[in-house]
Amino acid sequence: MRRIRHGYGKALTTPEQIAKWFQVFEFAKPEVGQKIHTHWEPNDAVDFNETFGEIAVVEPISRFGFRWQISPPNPAMTLVVFDLEAVASGTRVTVTETGFEALPEGLRQKRFADNTGGWEAMIVSLATFVQGQAK
């Protein structure tokens, strides 16, 4: 039986740990319906530096997801889901973000491209963080 590394679950569902590999991500507890607030230092990647949403999926050890406002002040939200799977080499983390079609067409392509690149970088950051915690 393969096991998912415990560190991934905590790194995805604990606000203090999320802030170490992603950005400030505030919520009271990892339960469906909990409101989230996330913010970061202003940067050239996006023209806003905070967003709101709610936790949408909590399946301990295997899945965690949230909806967030993808392009404030536009109210459209996307759904981000992290799926964890035990594999021979450790834990596979798959991130899926859906719901971009709710944005106006011109904005949709930009946010999709921004987030695709952003999640690729964040997966590396997550793996580095969890591996560092395991030492």
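How many nonpolar, polar and charged residues does the lining of the second largest pocket have? The answer comes below, once the framework of the chain has been set out. The structure discussed here is a predicted model.

The protein chain contains 3 helices and 6 strands. Read from the N terminus, its elements follow the order α-α-β-β-β-β-β-β-α. The C-alpha trace spans about 45 × 30 × 25 Å along the principal axes of the chain. For 135 residues, a compact globule would have a radius of gyration near 14 Å, and the 15 Å of the protein chain agrees with that expectation. Of these 135 residues, 38% count as buried.

The pairing of strands can be followed from E1 onwards. Strand E1, residues 24-26, runs antiparallel to strand E2, residues 35-39, and 3 bridges join the two. Within this pairing, phenylalanine 25 stands opposite threonine 38 of E2. Strand E2 is also joined to strand E3, residues 50-59, by 5 bridges, and these two strands again run antiparallel. On this side, threonine 38 faces a partner in E3, namely threonine 51. Threonine 38 therefore serves as a useful landmark, since E2 is paired with E1 through 3 bridges and with E3 through 5 bridges.Two loops deserve attention for their backbone geometry. In the loop between E3 and E4 lies isoleucine 61. Its phi angle is near 75°, a positive value in a residue other than glycine. The loop between E4 and E5 holds proline 73. Proline 72 and proline 73 are joined by a cis peptide bond, with omega at about 10°.

The aromatic side chains come next. A pair of aromatic rings is described by the distance of the centres and the angle of the planes. The structure holds 13 aromatic pairs. One of them is formed by tryptophan 21 and phenylalanine 82, whose centres are 6.2 Å apart and whose planes stand at 90°, an edge-to-face arrangement. Tryptophan 21 belongs to helix H2 and phenylalanine 82 to strand E5, residues 74-87, so this pair ties together parts that are 61 residues apart in sequence. Tryptophan 21 has a relative accessible area of 4% and is buried. Phenylalanine 82 counts as buried as well, at 2% relative accessibility.

Phenylalanine 82 also takes part in a pair with phenylalanine 66. The centres of these two rings are 6.4 Å apart and their planes meet at 35°, so the pair is tilted. Phenylalanine 66 lies in strand E4 and phenylalanine 82 in strand E5, so the contact ties together parts that are 16 residues apart in sequence. Both phenylalanine 66 and phenylalanine 82 are buried. Ring pairs further link Trp21, Phe22, Phe25, Phe27, Phe64, Phe66, Trp68, Phe82 and Trp119 into a cluster.

Several names from this cluster return when one asks which residues line the largest cavity. The structure holds 1 cavity of 30 Å³ or more, and the volume of the largest cavity is about 30 Å³. Its lining consists of Leu12, Ile18, Trp21, Phe22, Phe25, Phe64, Phe66 and Phe82. Helix H2, residues 15-21, and strand E4, residues 63-71, each supply at least two residues of this lining. By class, the lining of the largest cavity has 8 nonpolar residues, no polar ones and no charged ones.

The second largest pocket brings the discussion back to the opening question. This pocket contains about 170 Å³ of space. The residues that line the pocket are Val93, Thr94, Val95, Thr96, Glu97, Phe100, Phe112, Asn115, Thr116, Trp119, Glu120 and Ile123. Strand E6, residues 90-98, and helix H3, residues 105-134, are the elements that give two or more residues to this lining. The largest share, 6 residues, comes from H3. The classes of the lining are 6 nonpolar, 4 polar and 2 charged residues. Trp119 appears both in this lining and in the aromatic cluster.

How values were computed:
Residues are numbered from 1 along each chain as its sequence is written. This is a predicted model: local features need pLDDT of at least 70, side-chain atom pairs count only at pLDDT 80 or more; totals for chains, interfaces and linings use all residues. Side-chain values use heavy atoms; hydrogens and water are left out. On a 1 Å grid over the protein atoms alone, a cavity is a set of points where a 1.4 Å probe fits but cannot get out, and a pocket is an open set with protein on both sides within 12 Å along at least five of seven lines; lining residues have an atom within 4 Å of a point. Grid points are joined across faces, edges and corners, and a volume is the space filled by probe spheres set on the points. Helices (H or I, at least four residues) and strands (E, at least two) are DSSP runs, numbered from the N terminus. Ala, Val, Leu, Ile, Met, Phe, Trp, Tyr, Cys and Pro count as nonpolar, Asp, Glu, Lys and Arg as charged, and the others, Gly among them, as polar. Two strands pair if DSSP finds at least two bridges between them. Rings of Phe, Tyr and Trp (its six-membered ring) pair if their centres lie within 6.5 Å; planes under 30 degrees apart count as stacked, over 60 as edge-to-face and the rest as tilted. Buried means under 20% relative accessible area, exposed over 50%, partly exposed in between (1.4 Å probe, protein chains only). The radius of gyration is taken over C-alpha atoms; the globule rule is 2.2 Å times the number of residues to the power 0.38.
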